[in-house]
Amino acid sequence: MVEYNGKKYELKYNLKRIEMIESVTNMPTMAEIQRTRGYLGLAALKTYFAYALKEAGADVFVKVKEGMDICEALIESEGYENVCGLVLESMQRDVPFFFPAG
């Protein structure tokens, strides 16, 4: 859960969202995570964030441009590592098959 401009947001991933992200980044998610050891590049981080962003309790995803703007603002205010950590934690919760145990 993240708060921005008085609104609460959450990141929600599913297979369709991951497919959309992979199409935009032109990189398989597993390859991206392994290649960067979880430290996504800024463009990829903004994409993973923006495509999964929803207002808390809403059924509809936030528009991608708005999500990217929110991500950028949060990186500047909360720090890159915190935003990247939020993305990875949310992915571990929602699409755990990208994070094999062991």
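In the interface between the first and third helices, I21, V24 and T25 of α1 meet A44, T47 and Y48 of α3, contact being taken as heavy atoms within 4.5 Å. The residues of this contact divide into 4 nonpolar, 2 polar and no charged, where Ala, Val, Leu, Ile, Met, Phe, Trp, Tyr, Cys and Pro count as nonpolar, Asp, Glu, Lys and Arg as charged, and the others, Gly among them, as polar. The model is a predicted one, in which local features need pLDDT of at least 70 and side-chain atom pairs count only at pLDDT 80 or more, while totals for chains, interfaces and linings use all residues. Residues are numbered from 1 along each chain as its sequence is written, and side-chain values use heavy atoms, with hydrogens and water left out.

Helices (H or I, at least four residues) and strands (E, at least two) are DSSP runs numbered from the N terminus. The axes of α1 (residues 15-25) and α3 (residues 42-50) come within 10 Å and cross at roughly 155°, the axes being lines fitted to C-alpha atoms, for helices over the stretch in contact, with angles that run from 0 to 180 degrees between N-to-C directions. This angle makes α1 roughly antiparallel to α3, on a scale where angles under 35 degrees count as roughly parallel, over 145 as roughly antiparallel, 65 to 115 as roughly perpendicular and the rest as oblique. The crossing in which α1 passes α3 is right-handed, a term that applies if the near helix is turned clockwise from the far one by less than a right angle, anticlockwise being left-handed.

A second helix pair is formed by α4 (64-78) and α5 (residues 80-94). These two helices pack at an angle of about 130°, with their axes 6 Å apart, and are therefore oblique to each other. The contact is made by C71, L74, I75 and E78 of α4 together with Y80, N82 and V83 of α5, and its residues divide into 5 nonpolar, 1 polar and 1 charged.

Helix α5 has 15 residues and reaches 21 Å from its first C-alpha to its last, close to the 21 Å expected at 1.5 Å a residue, the expected span being 1.5 Å times one less than the number of residues. Its buried residues are V83, C84, L86, V87, L88, S90 and M91, where buried means under 20% relative accessible area, exposed over 50% and partly exposed in between (1.4 Å probe, protein chains only). These buried residues pack against β1 (2-4), β2 (7-11), α1, α2 (29-36), α3 and α4.

Within helix α4 lies I70, which counts as buried at 3% relative accessibility. Leaving aside neighbours within four places in sequence, I70 is in contact with Y4, Y9, F49 and L53. The C-alpha atoms of I70 and N82, which are 12 residues apart along the chain, are separated by 14 Å.

Several loop residues are exposed. D59, in the loop between β3 (53-55) and α4, is exposed with a relative accessible area of 72%; D59 and I21 are 38 residues apart in sequence and 19 Å apart in space, C-alpha to C-alpha. N5, in the loop between β1 and β2, counts as exposed at 68% relative accessibility and has a positive phi of about 50° although it is not a glycine. N26, in the loop between α1 and α2, is exposed with a relative accessible area of 68%, and its phi is near 55°, a positive value in a residue other than glycine.
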